[in-house]
Amino acid sequence: MGLDAGLTALRLLRADPGLGGIWLRDRDGAIAESLVDAARRDWPGLRAVPAGIDSESLLGGLDIAASLAAGKAVRDPGLIARSAGSLLLVRGAERISPAIGALLAGAVERGEIALLLIDEGLAEELPPAALIERLAFHLRADGPDVELEADPARDGDAPKIMTALAGAATMLGVESSRALNLAWRAALASARLAGRDGPEAGDAAVAAILVLAPRATRVPAPEQEPPPEPEREAETRARDALEDVVLDAVRAVLPADLMERIARERGRGPAPRAGGAGERRRSPARGRPVGVRPGLPRGGARLALLDTIRAAAPWQKLRAGAGGSAGTIRLARSDLRVRRFEERGETLTVFAVDASGSSAAARLAEAKGAVELLLGRAYAKRAEVALVAFRGQAADLLLPPTRSLTRARRLLADLPGGGGTPLAAGLDAAEALAQAARRRGRTPFLILLTDGRANVALDGAAGRAGAEADALRSARRIAAAGTGGTVIDIGKRAEPDAARIAAALGMPCLHLPRADAAGLSAVLA
């Protein structure tokens with residue numbers, strides 16, 4: 001949703017800070033900047049908080065400078081206590097660690113602060129779920145923009161409004177009771193801003209658009225013709241009419257590809273995206289700072305000087321008898337703190353392509369086009385791509401891991417196809433590449449293009465039964481290793497064979513009988 005929705009959410013939050021806050025996903029930043037400017041006008045006490053803030057800064061601890069100046073321990077109450085009743089602005093919210101997210105979520109739950117989270121990350125990079133669940137408003141800069149204005153000329157019976165919101169939540173697949181409570185509070189805040197004693201249907205529509213629609217997990221069923229009027233009680237007619245008002249408002253803002261987005265997000269889970277950033281890994285010297293830990297500054301680890309002094313300060317009086325000149329800070333080994341960093345690993349996307357049968361040439365062409373499109377983005381995303389084709393009685397590594405587009409085009413030209421389907425051999429070859437990538441510190445991602453109809457076993461014997469058993473065993477080994485990925489069913493019709501392989505792999509299965517290069521790249525991006 002656009003700027004108008006963001007400004008409406010900001011007004012509702014100002015009317016009721018108990019709504020928790022706003023989470024805005026905006027990679028370009030244009031809408032975010034306008035919303036931040038409005039927040040500065042509406043919230044004079046707005047404070048900016050770095051995404052990498054540590055727990056002591058949030059909750060309070062020893063104030064080093066004040067303690068050294070006063071000659072005694074002086075405590076800092078912490079940002080949350082100093083900001084009671086204020087709005088905290090966090091840019092780069094996708095970088096908030098789970099531990100800091102839990103502390104912020106607790107403060108929001110207790111009503112101590114409200115949050116404006118600006119998320120500039122990729123699709124798979126999200127703030128902690130426990131935190132965003134407590135924020136009423138989830139907005140996307142690329143969503144449809146709508147003018148939000150509550151219509152006062154509607155029924156204002158509070159129980160009916162709550163029933164309508166509950167019905168809309170059910171139709172949208174929103175199962176969280178917290179989300180329904182936040183929607184009710186948003187409806188109350190909308191009525192309060194308009195100077196009304198209770199919410200009307202228009203207030204419920206505003207709440208449903210801003211609170212329930214972004215959490216939708218299914219598209220509401222289309223309206224059905226109601227039964228004849230004599231068969232329906234007046235109370236039922238009024239309830240249904242009110243619910244229709246809310247659902248009609250929500251339908252107008254749901255994205256057309258809602259179910260595709262949900263399928264992709266659910267299917268991949270924590271796995272990386274094809275050609276995207278890899279797993280988060282701890283690093284002693286590189287990446288995003290994520291706090292400090294006790295330790296020695298060796299092996300590339302960096303000394304956190306201020307944190308070391310903070311740890312040593314409470315012990316200075318006890319250590320004063322050990323000698324030394326006045327003003328000397330006496331450090332012990334246990335005081336030393338080193339910085340912790342987190343970096344994104346590189347990824348390897350392995351295409352395993354069924355090159356058997358009469359359609360082998362078309363499938364290889366589709367895979368080659370998708371490889372080239374992914375490689376075009378690989379330089380910015382630190383990704384490599386490899387291609388395995390299986391046909392006849394074996395699997396061949398056609399393209400070793402590379403991010404060179406020129407090399408890929410040369411190796412992918414004029415590849416042969418046809419013959420049987422040694423699916424197990426293809427899976428084993430792909431997993432061998434995945435294991436090698438892990439040993440090099442990369443995150444593997446498998447894209448399997450097949451109809452799943454294996455007919456050549458690992459020992460080269462022909463026959464469906466043995467070939468399918470070998471393929472399922474290979475798939476389960478890949479799942480046990482934790483390799484993420486997607487199965488693309490390229491059969492003319494969706495058959496259970498590919499779905500069984502996908503289930504054994506623990507991966508989603510997408511049926512794309514005409515998976516051209518652009519379509520494949522769009523699904524995997």
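Leaving aside its neighbours within four places in sequence, which residues is Ala475 in contact with? That was my opening query, and I get Leu427, Ile501, Ala504 and Leu505. I take contact as heavy atoms within 4.5 Å.

**Ground rules**

I am working with a predicted model, where local features need pLDDT of at least 70, side-chain atom pairs count only at pLDDT 80 or more, and totals for chains, interfaces and linings use all residues. Residues are numbered from 1 along each chain as its sequence is written, and side-chain values use heavy atoms, with hydrogens and water left out.

**Entry: Ala475, continued**

I placed Ala475 in helix H18, which covers residues 464-481. For the record, helices are DSSP runs of H or I with at least four residues, strands are runs of E with at least two, and both are numbered from the N terminus. Ala475 has a relative accessible area of 0%, so I log Ala475 as buried. My scale is buried under 20% relative accessible area, exposed over 50% and partly exposed in between, with a 1.4 Å probe and protein chains only. I also checked Ala475 against Ala424: they sit 51 residues apart in sequence, and their C-alpha atoms are 7.8 Å apart in space.

**Entry: the whole chain**

Next I stepped back to the protein chain. I count 20 helices and 16 strands in its secondary structure. The chain has 525 residues, and 48% of them count as buried. About 24300 Å² of the chain is exposed, with carbon and sulfur atoms supplying 53% of that area; the areas come from the Shrake-Rupley method with a 1.4 Å probe, and for residues only the protein chains shown count as cover. Among contacts with a separation of 6 or more, 77% join residues 24 or more positions apart.

**Entry: H1 and H2**

How do H1 and H2 lie relative to each other, roughly parallel or oblique? I find that the axes of H1 (residues 3-15) and H2 (residues 30-42) come within 10 Å and cross at roughly 25°. My axes are lines fitted to C-alpha atoms, for helices over the stretch in contact, and angles run from 0 to 180 degrees between N-to-C directions. H1 and H2 are therefore roughly parallel to each other. Here angles under 35 degrees count as roughly parallel, over 145 as roughly antiparallel, 65 to 115 as roughly perpendicular and the rest as oblique.

The crossing of H1 past H2 is right-handed. I use right-handed when the near helix is turned clockwise from the far one by less than a right angle, and left-handed when anticlockwise. On the H1 side I listed Leu3, Gly6, Leu7, Leu10 and Arg14, which meet Ile31, Ser34, Leu35, Ala38, Ala39 and Asp42 of H2. The residues of this contact split into seven nonpolar, two polar and two charged. Nonpolar covers Ala, Val, Leu, Ile, Met, Phe, Trp, Tyr, Cys and Pro; charged covers Asp, Glu, Lys and Arg; the others, Gly among them, are polar.

I followed up on Ala39, in H2. Its relative accessibility is 0%, so Ala39 counts as buried. Not counting residues up to four places away in sequence, Ala39 touches Leu10, Leu46, Leu87 and Leu116. The C-alpha atoms of Ala39 and Leu88 are 10.0 Å apart, with their positions 49 residues apart along the chain.

**Entry: H9 and H10**

My second helix pair was H9 (residues 177-193) with H10 (residues 201-212), whose axes come within 8 Å and cross at roughly 135°. That makes H9 and H10 oblique to each other. H9 passes H10 in a right-handed crossing. From H9, Ala179, Leu182, Ala183, Ala186, Ala187, Ser190 and Ala191 meet Asp203, Ala204, Ala207, Val211 and Leu212 of H10. I sorted the residues of this contact into 10 nonpolar, one polar and one charged.

**Entry: Ser57 and Ala99**

Is Ala99 buried or exposed? Ala99, in helix H6 (residues 98-109), has a relative accessible area of 55% and is therefore exposed. Its C-alpha atom is 8.1 Å from that of Ser55, 44 residues away along the chain.

Ser57 belongs to helix H3 (residues 55-59). At 31% relative accessible area, Ser57 is partly exposed. Not counting residues up to four places away in sequence, Ser57 touches Gly78 and Leu79.
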